[in-house]
Structures are given as structure tokens and as C-alpha cells.
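Notebook open, coffee poured. I want to go through confidence, disulfides and one helix pair.

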Amino acid sequence: MLAASAATLTAVTLAACASSDRDSGGGGEGGEAAQSGGTMVFGAAGDPAMLDPAFGSDGETFRVSRQIFEGLLGNEIGGTDPVPELAEDWEVSEDGLEYTFNLRQGVQFHDGTEFDAEAVCFNFDRWYNFEGLATSPSASYYYQAVFGGFASTPDAPSIYQSCEATDESTAVIRLSQVTSKFPAALALPAFSIQSPTALQEYDADNLSGDADALTYPEYALEHPTGTGPFRFDSWDRGNGQVTLVRNEDYWGDPALLDELIFRTISDQNTRRQELQAGSIDGYDFVAPADYQSLEDEGFQVLVRDPFNILYLGFNGGNVPGTTANPALQNPQVRQAIAHAIDRETIVNSLLPEGAQPAIEFMPPTVDGYAEDVTTYEYDPDRARQLLQQAGVEGTTLRFYYPTEVSRPYLPDPAAMFQVISQNLTDAGFTIEPVALPWNPDYLNAVQAGQADIHLLGWTGDYNDAYNFIGTFFAEASNNQASAEFGAFSAPEIFQALDRADQEPDPAARTELYQEANRLIMDYLPGVPISHSPPALVVAENVSGLEPSPLTAEVFAPVSISE
């Protein structure tokens, strides 16, 4: 009873907050004096994979789709908590298995189709009934991360049970199992509600190619149709430019811009030069070294609150068919690496102001963070002592790091590699560097278990502990966790995460996640390094862009003055 009452109260409160946000134009500068009209050109670091968010898993796909589509829930402007979007509020049954969403009325999709409970259920049933290539993790990663399997995969069942439109403005979602991921995950663009008419007309589920190289249907490339403040206009794939226009029939406060253009500029220095030349009005993933100079030139550097984790992953040779270093199966060796890394120097010299050393694999703002985990202070002498005790002094570690990329948690991979490599050398390891282009070479090599140690990170998708530590350490298959962490087998960790995820009471769930964090840091499948506040930058005449810790900025409140 307590859980249901708390959820209902939260829903009502969040509905009020969302209404307040929309009425005020969303937060950020400009507000009441904002000027309508004009075009904004934003420099993106890469192309979207396509524009059907149900098949999306990358930041650039979501950056664009967030402006076109909306879900039952969204995220608070500038924050991480879920708030009502196409749902006005929701209620949860006492057993945590049934969610009743009360929907906004008078909303239309961009093609004129009415938004209602039938449209909501059409989308949920679409995801559940994916077949063939659509069920591959490369196609529907987020659906599988939250709900599990599909109607067509009885050996991998789904926790989604049904969606019922009890009337035009009420959708009831039923689950077969409680999960902490629901409903917060519904704020992800992957769960955007799309026009049933357009999905059917343009054969949206007709993927071709193979799981490693998907070919997307016409809908995903030319006809994405949502309810959001911007409509899709065109995508010049040859020149890397997506153009959106204002949705004049938007149900809420209309976008202030006439036109919003995302232009792909993969090189960080080129993005800065294009901004300085006036060719673009803003860009993401600003190099920390550029913050001050850009501000001195009059640009606005918008720093996000840290909601990410950078870590050093280990592969101890548990992945079948790999040749990773079995020395990493020894907990003393893992502890030696942890004691060898000088996080304070990393935070102070390589990351922007506001970065924090990490003691576990999730940021302190997430419920379930434990202050009392085992910590591994910088202590090179202790690291050398542990190596001596393990009998592996001088052991060689193949240290993989990425090139041609800047990530929110890893702005300069080469510099990060240099510092950590020197730390490990000082502690008695021999380092063999391996540098690979980020996508696909580096990511494929790490997933295949080729690295002994590697640099990776994660920006939270939504405010839930499982989205961090469950993503990393939950049991995947064959009683093992993912290859990214050496496919380690730790039943206590797997069971702790399962218990926490399925606990309906929020207070009890928080305690269970805290215990899972303690177990993880005792086992030490990798080393958490830092939480970093990434930044975007806009021109002096841009107002209304509120930085999001989730990198989930909305552009509807943005205006550009002459």
C-alpha cells in the first residue's frame, strides 16, 4: 500500500512540476523576452544512425529524435528525474505490476493522426512483437534492456505482459515482474510514442542487412512522425545535415525557432572553428582546455552536472576464445591496479572543473549510492606490495584506449591513457599500448575481450541505479556478466542486483542497491575513476538552452536574437 500511495503522490507532484516548466518556457536564459523565429545550426559530433528512436541506442540519434518525438514520460528540464510528458500522471498498483497512465487530450501526431490510448498500446505492442533482425541487440537494445525478450522469443521471455486502452485517454500497462527500471525508463527516446499511421504506411519494422550492418526502412530515414515541438523536414545524408521545422500545431508552448539544423562536424577543433567563424550557433563535447578561451571570446559554455562514470575495465581471460591476461583473475592484482591510479591528479589535470573522483560505478546523486564501499586510495607502495604477494611483478597488460573520439566522461583519451599508463608502470606493471579508432574498431575489440584493460564509461540514461550497475554487472548468460568486464562470474552480485531490481518498495530497493555496490567494490571487476561534467557551448545571442546531465537537451525553448 505504501509503495502505491507514494507512486501516486509522486505522479501528481511531477505533473505540477512539468506544467510549471512548460508554462515558463522551460528554464534557461531568455524566458519572457525570448524572440520567436530564425534558424539555429548546431554542430553534432556524428550522424544519427537513423531517426526511428525505437531502433536507437546512440546519443546523436537521440539528440535529433528528442526534438521530434515525445514519450509518456520525459525528464525534468536540466535534471534527471522523470516527469509526465504525453501522460499527465500515472498510478501504480500495490503489487507494482500495473501502471495506469492518464493521457493528455487534444494532441496530434505530425501527420494529423490523433494521439490516444490506442496509439500508446500500438507502440508497446509493436516493440513486443518485433521479429527477425528487429530482435537483435543492435536494433532494439533499450527495449531488451528494460523488458527482456519478445513474443517471438519464448526462451527469453519479456516482462511486458499487455497494454489496454480502457478508454480514449487511459492506457494500462501490465508487467509480469516488478522492475526498478519502470516507469523511469519510459523517458528514454527509445520509448517515444510514434504515429501508428506512419509506422504502418512506411513499413517501419522492415529491417534488412544483418545484425552488424542494419539497413533501415524508409520510415526511419524519411518519415519519422511524432508529437514533438519540431517536425522532420529533411536529411541530407551526403552532407551530414538534418533539418527540423517548428510544429505549428504543437499541444504545448510552440518552439521559438522556425528551423533547427543539426550539422555533423566530427572533429572537435573544427567544431570550435566553425563556431568562431559564425557558421554554427553551438556544439557539444567542448574540450575542457577550451572553456576559458571560448568564454573570453564571448561564447556561453554550458556545463552539465556530472551524471556519468569513467572506468578502467578488466578482462581476466574468462571470455571464451580470448587471450586476455589470467593474472587479472587474482583479486590482489585487481587491487594493485586500483591503488596505482592517481584519481586526484586525473580529475585536477585532465577533467573540467566540477569533476569528482569516483569510488563506485555510479554517481552520488543516484539512489542506491553507498558511502561506505571499500575504497582504494592512491598508494603506489601498496600496489607494488600486492603485486609481490601475487607473484606477478612486471606482468604485461595490454592497455587499449580509443582514438578519434571525445566522450562526455573521457574528453582526451590519449592524455588519460598516458597518466594511467605511467601510474601502472610506476607500480610495477609493464604496459603494452593499443590505440584503435573508437567506432567500430575499439568498441568491437573491447566487446570481443581482446584487451587486458581498457578505458570506457557511461552517461546515465535515466535516474536509476540499475541503469548504471545493472547495465555493467547483471548476469547476462552462462552465469556470467558482460564481456566488457571479462565475463566474470559472481553469483552474489547477480543475486543482489536481481533482488534490488524486483523490490517494489523504494526505500528497501535503495538499501539493496547499496549492498550491491558494496559487493561490486569488494570484488572489483574494474576501477571507477571519475565523474565528469561535460559541456556544450553556444553563441552569445542564443538563449534558452538548458544543459542536461543526461545530455538530453531540448531545443524548443531556444531563441536567437539579432
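For the cysteine search I count a disulfide as a pair of cysteine sulfur atoms within 2.5 Å. I ran that over the whole structure and got one disulfide.

**Confidence.** Note to self: this is a predicted model. I looked up the pLDDT, and the protein chain averages 90, with 90% of the residues scoring at least 70. Residues 1-34 are where I'm wary, since pLDDT stays under 50 there. For that stretch the model has 46 contacts beyond four places in sequence.

**The disulfide.** Which cysteines does it join? I find Cys121 bonded to Cys163, S to S 2.1 Å. Cys121 sits in helix 3 (residues 117-128) and Cys163 in strand 6 (residues 160-167), so the bond ties together parts that are 42 residues apart in sequence. I checked the torsion about the S-S bond of Cys121 and Cys163 too: it is about -70°, so I logged the disulfide as left-handed. Buried or exposed? Cys121 is buried at a relative accessible area of 5%, and Cys163 is buried as well, at 14%; my cut-off for buried is under 20%.

**Helix pair.** Next I pulled up helix 9 (residues 331-340) and helix 11 (residues 380-390). Their axes come within 8 Å and cross at roughly 165°. An angle over 145 counts as roughly antiparallel, so that is how I noted helix 9 against helix 11. The crossing of helix 9 and helix 11 is left-handed. From helix 9, the residues making the contact include Val333, Ala336 and His339; from helix 11, they include Pro380, Leu386 and Leu387.

Terms used. Residues numbered from 1 in each chain as written. Predicted model: local features only at pLDDT ≥ 70, side-chain atom pairs only at ≥ 80, totals over all residues. Heavy atoms only, no water. pLDDT = per-residue confidence, 0-100. Contact = heavy atoms within 4.5 Å. Helix = DSSP H or I, 4+ residues; strand = E, 2+ residues; numbered from the N terminus. Buried < 20%, exposed > 50% of the residue type's maximum accessible area, 1.4 Å probe, protein only. Axes fitted to C-alpha atoms, helices over the stretch in contact; angles between N-to-C directions. Parallel < 35°, antiparallel > 145°, perpendicular 65-115°, else oblique. Left-handed = near helix turned anticlockwise from the far one by under 90°.
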